[in-house]
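Visitor: I would like a close look at a single part of this protein rather than a quick tour. Please choose one spot, stay with it, and show me how it ties in with what lies around it.

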Amino acid sequence: IKGAKENSTNQNYAGYLAFYTRPSGAVPVERFRITSDGRGLSQFTAKAWVRITDATTITDSHNISSVGNSASGKREINIDVDTANGNGCAVASAGGASSGSSYTYNATTHSIAAGSWGVTTSAHNNGSPWLANGGHICSILFAD
């Protein structure tokens, strides 16, 4: 366990708490970091996640700055602290209520970048799907 000093003259440790492992006598490798704002960071923790209702209302999130809505069923989720690159993995799910009980909602992710990713949602009602906002969307991103 190691903490980062605020600066070289201040001996109070602050900023983050890091956890390291030493594989077979090699140089220690940082595996997990808890930042001063309480975020846990590692390649094995979610970089960002969000729950959206209606078109762009964020009901809860982690590391999300905003959600844009370019058209019905098309959203751009904007990250507060960018990822290292656009090589992450995002998934999404959608659900909600519409007129009738036979509606099914689907969500797909696309356009993953260092600062955002896209989510498209569609509704089905015993026929061809159409783009629709749905009642709620949940999406999560894993990335460096």
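Guide: Happy to. Let me start with a term we will need: two strands are said to pair if DSSP finds at least two bridges between them. Please also keep in mind that this is a predicted model.

With that term in hand, here is the setting. The protein has 13 strands and zero helices, and buried residues account for 31% of its 144 residues. Among contacts between residues at least 6 apart in sequence, 41% join residues at least 24 apart. One part of this arrangement is an open sheet of four strands, antiparallel in its pairing, with the order 6-5-13-9. Strand 6 and strand 9 form its edges, each pairing on one side only. On average, neighbouring strands in this sheet are turned by 15° against each other, if direction is ignored.

Strand 6, one of those edges, leads us to the spot I would like to show you. Five bridges hold strand 6 and strand 5 together in the antiparallel sense; R51, for example, has D60 of strand 6 as its bridge partner. Between strand 6 (57-62) and strand 7 comes a loop, and in that loop sits N63. This is our residue.

Is N63 buried or exposed? Its relative accessibility is 8%, and buried means under 20%, so N63 counts as buried. The backbone of N63 deserves a glance too: phi is positive, at about 60°, although the residue is not a glycine. For a comparison, look at S111, another residue with a positive phi that is not a glycine, here about 55°. S111 is also in a loop, the one between strand 10 and strand 11, but with a relative accessible area of 55% it is exposed.

What does the side chain of N63 reach? It comes to 3.1 Å from the backbone oxygen of K47. Setting aside neighbours within four places in sequence, N63 is in contact with K47, A48, N78, I79, D80 and V81.

Let us follow that link to K47. This residue belongs to the loop between strand 4 (40-41) and strand 5. A lysine is perhaps not the residue you would look for in the interior, yet K47 is buried, with a relative accessible area of 12%. Beyond four places in sequence, K47 touches H62, N63, V81, D82, T83, L141, F142, A143 and D144. One of these, L141, is 94 residues away in sequence, while the C-alpha atoms of K47 and L141 are 5.7 Å apart in space.

Now go back to N63 and take one step along the chain, to I64. Not counting residues up to four places away, I64 touches A48, W49, V50, I58, I77, N78, D80 and W117. A48, N78 and D80 appear here, and these three are also among the contacts of N63. I64 has a further role: together with I77 and W117 it touches the most other members of the largest nonpolar core, which has 19 residues. Strand 5 (48-53), strand 7 (64-71), strand 8 (74-79), strand 9 (89-95), strand 10 (104-110), strand 11 (116-124) and strand 13 (136-142) each give two or more residues to this core.

The other two names in that trio can be traced through the strand pairing. Strand 7 runs antiparallel to strand 8, and six bridges join them. The two form a hairpin with two residues between them, and G73 in the turn has a positive phi of about 85°. A71 stands opposite K74 of strand 8. Strand 8 pairs in turn with strand 11, again in the antiparallel sense, over five bridges. There I77 has W117 of strand 11 as its bridge partner.

One last check you may want at the bench: a search of the whole structure finds zero disulfides. C89 is partly exposed, with a relative accessible area of 47%, and C138 is partly exposed as well, at 27%.

Note on methods
Residues numbered from 1 in each chain as written. Predicted model: local features only at pLDDT ≥ 70, side-chain atom pairs only at ≥ 80, totals over all residues. Heavy atoms only, no water. Core = buried A, V, L, I, M, F, W, Y, C linked by side-chain atoms within 4.5 Å. Buried < 20%, exposed > 50% of the residue type's maximum accessible area, 1.4 Å probe, protein only. Contact = heavy atoms within 4.5 Å. Disulfide = S-S within 2.5 Å. Polar contact = N/O pair within 3.5 Å; in protein donor to acceptor, adjacent residues only side chain to side chain. Axes fitted to C-alpha atoms, helices over the stretch in contact; angles between N-to-C directions.
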